[in-house]
Amino acid sequence: MDKAQFSLNPEQLQAVEYTEGPLLVVAGAGTGKTAVVTRRIARLIERGVAPERILALTFTEKAASEMEERVDRLVPYGYSNAWISTFHSFGDRVLRDNALKLGLVPDFKVLTEAECVIFLKEHLFELPLKYFRPAGDPTRYLSALVKFIARLKDEDVSPGDFLNFCESLKNTEGVTPDYIQEQTELARTYAAYHELKLRHGYLDFGDQCSLTLKLFRTKPAILNRYQEKFLYILADEFQDTNYSQFELLKLLAGERKNITVVADDDQSIYKFRGAAISNVLGFMDVYPEAKRITLTRNYRSVQPILDSAYRLIAHNNPDRLEVKNGIDKRLASVRKAGDGGGVRHLHFDTLTKEAEFVARTIKERVEGGVPLRDFAVLVRANNDAVPFLRALCEKAIAHRFSGSSGLYSTDEIRLLISFLKVITDHTDNLSLFHLASSPVYGLTAKDIVPLNNISKRTHTSLHKIMRDAAAGKDVRAELSQEGLERIKRLTEDIDRLSEMALKEATGRVLYSFLTETGYISRLSEAGSEESVDRIRNIARFFEITTHIENTLSIRKVYALVEHLTLLMEAGDDPATVETD
């Protein structure tokens, strides 16, 4: 631990060495807050605290994995058994260990937001909806309803709490009967939705925190067991916690109050998901005896950039921790001024001109000897990257787009979805056209377009036209010999795998398609970064199909395809794998 401490500045070291009681670490951007959390865990272990008695919570699986990896490097082999996870993963683990105490089935399934919408759609007429189930479009409000219920759980509002609130409205002056009726309908729907999920063995992401809170509040013995288990609790990115998550932390901390939170209200990005800045602002109210340490030494940027950022963020005053609690959060760079430039603001008439300027500047700098890897272009959203990618291509500048676009829109996954649709619906001409023209079968336009035209003209499925052509029947189209051979192979694969789909699970059918067509082998042999990413995306799709099948009563391809289609219509589109 001595080497680890040697690299810490005095404020960081003070946070790492802090012993008992609540601790608030206010850490600005680039000040090493994750290093403080991980090294504090390592220091506790060095002092003799058993790793399994330390709980560290954060927000994303990636952040949790990074934290776990850092702790693993800091402590001796075999000592990295601390509970390091996301809030939702922690709640899931607690609920599975105590499922029967809450009347849950131990193997409950957790539904995504899109799956919750589908679940409501399937049970629409079991919900006490009237106003929010318009006759013209009964499913119109389902997506908004799922988000609304999720927000209630973020705010620690149970179905019973909401119903009681609606009752209190009746005695509130100035509240109209229509408003009371609407809110009561929502409250009853919330309660019915909760009961329906439990009856079918489902939970949603919000339940992983709200039901854990309910478990701890209604079962004091269980709460006491976890309070005794975890001597020290740490929460990273505390500014992104919602009300329910802070309540969970307070319960776990108990009388010991050995709780460390690391936060910066200026970096809160999850307000739209219910993150409560009041958690940071009110931490000292909940724990007035808490030690407060502020990290202001920035290791990432030069001073001109930090000063520009500070001037910008100051426009949020007076609703900032710096103003409300009198904390000086102005960051000071440890890098020399010569390590980099400042901030330049350039204005362009159009986005195209901006993208062209960026590409031209990069090209000029590279020609001047600056390595290409030293450049990065940051955009707000994936769609915003399109003009910049186009401009880089026009300048022949090699680049990698690291944006996590939708998994279902990638070429390899569109191929697999088209294949699944084709083997379960031989009349799906669009999916068959895409499958036939894909790299797997490689039918050219001169072979597939005439067949598709005949299909449209005769109102016959493209699959039947292809089967007739493969059987040597006259389909009144001039096809190349190579095209005929590819069509024959395609129709044979469809027929064989359609039969297999009646008996086998989706994963086995997909595996047969990928191996027997040689598609996965070609990707493996290519050895390029792009092909590796494609393989990883395919592996991710396998995980998704397995998860979907586990929630279906009939575990066959046709049921999965139907459910997957509903998910996509509900807006579900998982992220692609991130490039390593």
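Helices here are DSSP runs of H or I with at least four residues and strands are runs of E with at least two, both numbered from the N terminus. With that in hand, helix α24 is followed by glycine 518, whose phi is positive, near 80°.

Welcome to a tour of this predicted model, in which local features need pLDDT of at least 70, side-chain atom pairs count only at pLDDT 80 or more, and totals for chains, interfaces and linings use all residues. Residues are numbered from 1 along each chain as its sequence is written, and side-chain values use heavy atoms, with hydrogens and water left out.

## The whole chain

The protein has 27 helices and ten strands. Along the principal axes, its C-alpha atoms fill a box of roughly 90 × 70 × 55 Å. Of its 580 residues, 45% are buried; buried means under 20% relative accessible area, exposed means over 50%, and partly exposed lies in between (1.4 Å probe, protein chains only). The accessible surface is about 30,500 Å², and carbon and sulfur atoms hold 51% of it. Such areas come from the Shrake-Rupley method with a 1.4 Å probe, and for residues only the protein chains shown count as cover.

Contacts (heavy atoms within 4.5 Å) reach well along the sequence: among those with a separation of 6 or more, 75% join residues 24 or more positions apart. On the charge side, there are 77 positive and 83 negative side chains, and the centres of the two sets lie 1 Å apart. Lys and Arg count as positive and Asp and Glu as negative, while His and the chain ends are not counted; each charge is placed at NZ of Lys, CZ of Arg, CG of Asp or CD of Glu.

## Two nonpolar cores

A nonpolar core is a set of buried Ala, Val, Leu, Ile, Met, Phe, Trp, Tyr and Cys residues joined through side-chain atoms within 4.5 Å. The largest one has 50 residues, and those with the most contacts inside it are Phe419, Leu420, Met466, Leu490, Phe513 and Phe541. Helix α19 gives the most to this core, with eight residues. Apart from it lies another core, of 42 residues, including Leu57, Trp83, Leu215 and Val280.

Phenylalanine 541 shows how the larger core is knit together. Leaving aside neighbours within four places in sequence, this residue is in contact with Leu407, Tyr408, Ile413, Leu416, Ile417, Leu420, Leu510 and Leu564.

Leu510 brings us back to α24 (residues 506–516), where Thr506, Val509, Leu510, Ser512, Phe513 and Leu514 are buried. An α-helix has 3.6 residues a turn, so residues three or four places apart point the same way. The cover over the buried residues of α24 includes α19, α20 (429–436), α23 (481–501), α25 (519–526), α26 (529–550) and α27 (557–569).

## Two buried polar side chains

Glutamate 412 sits in helix α19 (residues 411–424) and is buried, at 3% relative accessible area. Threonine 260, in strand β7 (residues 259–263), is buried as well, at 4%. Each has a side-chain polar contact, listed below; the term means a pair of N or O atoms within 3.5 Å, where within protein one must be able to donate a hydrogen and the other to accept it, and residues adjacent in sequence count only if both atoms are side-chain atoms.

| Side chain | Partner side chain | Distance |
|---|---|---|
| glutamate 412 | arginine 534 | 2.7 Å |
| threonine 260 | arginine 40 | 3.1 Å |

Not counting residues up to four places away in sequence, glutamate 412 touches Tyr519, Arg534, Asn537 and Ile538. On the same basis, threonine 260 touches Leu23, Arg40, Ile233, Leu234 and Ala235.

## Backbone points to check

Most residues other than glycine have a negative phi, and most peptide bonds are trans. Against that background, a cis peptide bond joins asparagine 317 and proline 318, with omega about 5°. Proline 318 is in the loop between α15 and α16 (321–324).

Aspartate 156 has a positive phi, near 65°. This aspartate lies in the loop between α7 (142–154) and α8 (159–169) and counts as buried, at 19% relative accessibility. Lysine 257 also has a positive phi, near 60°; its loop runs between α12 (243–253) and β7, and lysine 257 is partly exposed, at 28%.
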